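Here is a short briefing for a first look. Start with the structure itself.

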Number of protein chains: 2
Amino acid sequence: MPIKIACGQLEVIAGRPDLNTKSILQVISAAKSDAVDLLLLPELAVPGYMIGDLWEQTAFLKDCESYGKQIVEASSGITVVFGNIAVDWKRSNTDGHVRKYSAAFTAQDGKLLPTAQGLGFVAKNSLPVYRQFEDSRYFSSQESLLKDKRISLKNGMGTVAVTIHGTEYQLGIMLCEDGWTENYPLSVPVMLKRGGAEILCNLSSSPFTLGKNHKRHLIFGKQAKELHLPLIYCNHIGIQNTGKNIFTFDGQSCVYGSDGMVKAAAPMFTEKLLTFSWDKETDKIRAYSAEDELVATEDDETAVIYKTVRYGTDNFLKQTGIRRMVLGASGGIDSAVTAALFTDILGPQQVLLVNMPSRYNSELTKNLAQQLAENLKCCYTIVPINDSVAHTVEQLYTPIHNYTSNRDFKVELNGLMYENIQARDRGSRILGGFSAAFRGGVSCNANKAEITVGYGTFYGDLIGLFCPLGDLWKFQVYALGKYFNDQIFKAEVIPEKIFSIRPSAELSSEQTVGNGGDPLIYEYHDYLFRAFVERWEKVAPEDILKHYMDHDLEKFLGCKEEIITHLFPSHAAFCQDLERWYSLFTGLAVAKRIQAPPILSLSKRAFGNDYREAQMTTYFSLAYKEMKEKLLRQERLF
Amino acid sequence: MPIKIACGQLEVIAGRPDLNTKSILQVISAAKSDAVDLLLLPELAVPGYMIGDLWEQTAFLKDCESYGKQIVEASSGITVVFGNIAVDWKRSNTDGHVRKYSAAFTAQDGKLLPTAQGLGFVAKNSLPVYRQFEDSRYFSSQESLLKDKRISLKNGMGTVAVTIHGTEYQLGIMLCEDGWTENYPLSVPVMLKRGGAEILCNLSSSPFTLGKNHKRHLIFGKQAKELHLPLIYCNHIGIQNTGKNIFTFDGQSCVYGSDGMVKAAAPMFTEKLLTFSWDKETDKIRAYSAEDELVATEDDETAVIYKTVRYGTDNFLKQTGIRRMVLGASGGIDSAVTAALFTDILGPQQVLLVNMPSRYNSELTKNLAQQLAENLKCCYTIVPINDSVAHTVEQLYTPIHNYTSNRDFKVELNGLMYENIQARDRGSRILGGFSAAFRGGVSCNANKAEITVGYGTFYGDLIGLFCPLGDLWKFQVYALGKYFNDQIFKAEVIPEKIFSIRPSAELSSEQTVGNGGDPLIYEYHDYLFRAFVERWEKVAPEDILKHYMDHDLEKFLGCKEEIITHLFPSHAAFCQDLERWYSLFTGLAVAKRIQAPPILSLSKRAFGNDYREAQMTTYFSLAYKEMKEKLLRQERLF
């Protein structure tokens, strides 16, 4: 006889066991009404996952235990497997804090079921400490737990026998990373199979990353097929953050048959009780609803980016209680796409675009900013900064008294200082002021290329509540802008001209739309910087130079063919450009990132807690220096 | 016959194997001239320790290997034990990155000596992942290395036999955390003794923490005594950072005799070749210089704070290439102490104090700011902000066009907005401008109590290159101020009145020096916040309320007796205050800290990477709510 299984793909709120338990109890109640036999709930569904060092607070841990008991009590007439923190109050971790596990508890008819290993829960075994993950800072592993209790691994890892309608089922339980077996010496799914598991249940708290869903289908599908076991993946939705990064949790819970194929799947970013039947005898899994059978074909990258940025932004604003936004509107692409995003989420009347011209701004960009506001139908105002900047400059020329020499002196201002005065005047003075007065947040419109090299002004354009496009390269920002026009607004809401003008900060007479523009050549630098930041094995200048000398750098970086020859008249010019940006990336840009607003994470490496860095002085490797010397010597010979 | 041993207490620069190797080769050369037989050098002396995800860059790792070879080659006629990264290029960590160890290499006469376990190095075994430490993000342990190589722990952990003047010595080698055995299941020193070690060598890269030197003497002294082995502790000096935190490395290398007593010690923050003789036969250790025999008696806390803040600040400025500083001078204690600090380090003419009065600033504080500048003999100017603030307010009243309704409207400003406009005007507009024009950095003068609850304005007083007093409670700032007058300047350089006036931000007519002042009552809140932040087991409102009900809260917090009864007329008032600050601490203050400047770390818990936190909504525990309800019900009954 088949049993009815459900994944409770709910929203989990970090640090709110009270609210999460309320949601969980509602899902249990709904599952009972729906005659579900076995309900899975995500990893750490009670406390949430990204709660920082709140894991060190006893009062919080005790409450998570209390709420866990409420969930167990609610399991009359149903079997529930749920994620919560498990605390061993008598032991400590190697840092002296109380021993904790990210655990899966199994409850049935108001009671906790023991595992086949004789314990009260199954602990997560693989504890990731890469990217933003720091599980081993807080949690101990299932392996160490079994070792402590002197239980041999020969008895399996974490199996629970549950009896449903008179038949016994061996659930092989694991948590999130346990299923990502690529680099771990011990394969948890294999151990579960050896321990007699008849179905694999992976409770996850897995944040969205571009391309991850595809990779998971490959790895998890293969796992199910090779072990010839069905595999349930139960993930939650919502947003959580690590301070510097905001992560979306995409859900996408699903069940793989023992043939490795997805049999039922829940959508991205949607609360869902995903139900399906499993017949152990015939090894058949069937979705109850035809729509759940459709595996969401991965949309194109821009569509996925749109969905994720929209969901993450909307939910972060909801969490912070902010429903209005203020943006500087320059007439450029970054602010245009950000304005489109907030208008899409909040409605046009909740979005204030402020154009703040100085004498360097062109009529073209001023008109484009206004046109954008008109097209979006949002709120718009123009606040010129000429008078204020002049007043600031005048005040900075106030005589300074030197009490050692007892003489007065004055500072001198140069062009770059003047540029930054303008940027801070716009950011901190005007947008900061409107933020409070309009009762909204300020958006930081920086893209990932700018953030990589610190192309932006401290307390100027780098201010804001958060940075929604901070994990997108410039080419992705353009693509997202096109997507808004083509797919969302289905009209030229972002004026076409904004896509075609050369980006410029318009901060001096040398740097205007007509004359010069930004020093970043995105067609090349987007891809160069991506190699520095996003490759799993970090790319250094020596790797770049090697590929340059081998004439396959464009291919290596994935950028347009021949662009490098086109851009650099000489090897010396190539090296100078490379060193300039690498020095900024590893130098001043680090200081700027330390004080930058949180970034919404999309890629497999976003700046912030996902990318640990220190303020250091720039280092060029021995091989780089050697290759460069050789190259330039050659050049001088000809 | 005794042999001559030395600890090379040098400065290590994070991420600069080129510069570090140069220093190491100089130390080796000096040690040879001094007829040293055995030279110890610190953990990760080649690459540095806090280098973030630069550990993932192949080019950097390869260079560390190259420089390591240079050091081995330089060991003719001497034995050198040094810390470097060891890479196993054929294996990967659980995250797929190449396998790495924080390793100690032993070189003699130009060759690498194998360990008794047959390996080329000893790896650090205990990999801390608490506070700012994230060793297991990057490194694998000695235990896992031995396991991989199928070497039984019965053969010891990491012993190296070296022959000096015809006698064989068994060096028991460990790295930093390996010696801090309190909470680890496996004691490395005990294992080393079992493996035949005759002397313990701890190579460290150990950042300064208040009280840590005392604790190390206790733990390491006990270790030497219990194992009846001499123990050498070799640490380096310098500063390194994790982005949000700047750490000082205090050196304080020393040697413990097998009686547990310190026989020779190097001073804090000073480069030193600490030499001593060891006679294995007689078990005698003797310093060569009488001055090294003196164990630096731990100065009083304020003296240690002064030394550390001065060293950390000076070195951070040197690293960033900044030799001038700009400070807002309000006439209050925080800016006065910061001004004294920078004057002490840079000289008075390199420090610019800017007083930026609005109509709310008293003559008293304006005069105090000027008096301070005069006493310090530094540069001083007055830039009033009234006109600019009026201009900003006027500009914020610019009509805004709503393109949905096609109507204009204006925002409204309230008192708090007006306060923040002033703060941003001072910070971003004036100090930001002077920073560039004076070619200096801006100092953020916030103290730890303010940072705990976010009492400061985004892009206003929270801007800066870094925050030198950000890990000091207000009472520590006062003590440091007194120390400057009494011990450094030996004169009333910081005017006495600055110590006695009530702190006030002077941002409105309600909040001035004469009238109201800051909402923080430091005599109580300093201690309350310290309990939230610095206790190893985090204190929650329920713990505070419990102690309040038990009438021992002052004792629990360590603040003045009876202050709580004095401050709060009712239980309701007590709870209201507690909830107000706990909500800010866990709420808006988190957002502010994410964008705050780096903090110089002193305590065992500084805000930043040392204290992981997420933006969440505030949670009060079940027990708190229950106790509070009971308490307030009682109050209402009377």
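The points below cover the symmetry, a shared sheet and one helix.

This is a predicted model: local features need pLDDT of at least 70, side-chain atom pairs count only at pLDDT 80 or more, and totals for chains, interfaces and linings use all residues. Residues are numbered from 1 along each chain as its sequence is written, chains are lettered from A in the order in which they are written, and side-chain values use heavy atoms, without hydrogens and water.

**Two copies**
- A turn of 180° and a shift of 0.0 Å along the axis lay chain A on chain B with an RMSD of 0.0 Å (least squares on C-alpha atoms of residues with pLDDT of at least 70 in both).
- The two copies are thus related as by a two-fold rotation axis.
- In chain A, the C-alpha of A:Gln595 is nearest the axis, 2.1 Å from it.

**A sheet across chains**
- An open, mixed sheet has 6 strands in the order β22(A)-β17(A)-β18(A)-β19(A)-β20(B)-β21(B) (strands are DSSP runs of E, at least two residues; helices are runs of H or I, at least four; both are numbered from the N terminus; strands pair with at least two DSSP bridges between them).
- Strands β19(A) and β20(B) run antiparallel and are joined by 2 bridges.
- A:Tyr380 has B:His401 as its bridge partner.

**Helix α14(A)**
- Its 15 residues should span 21 Å at 1.5 Å a residue, and the end C-alpha atoms are 20 Å apart, which agrees (the expected span is 1.5 Å times one less than the number of residues).
- A:Lys490, with a positive phi near 50°, follows α14(A).
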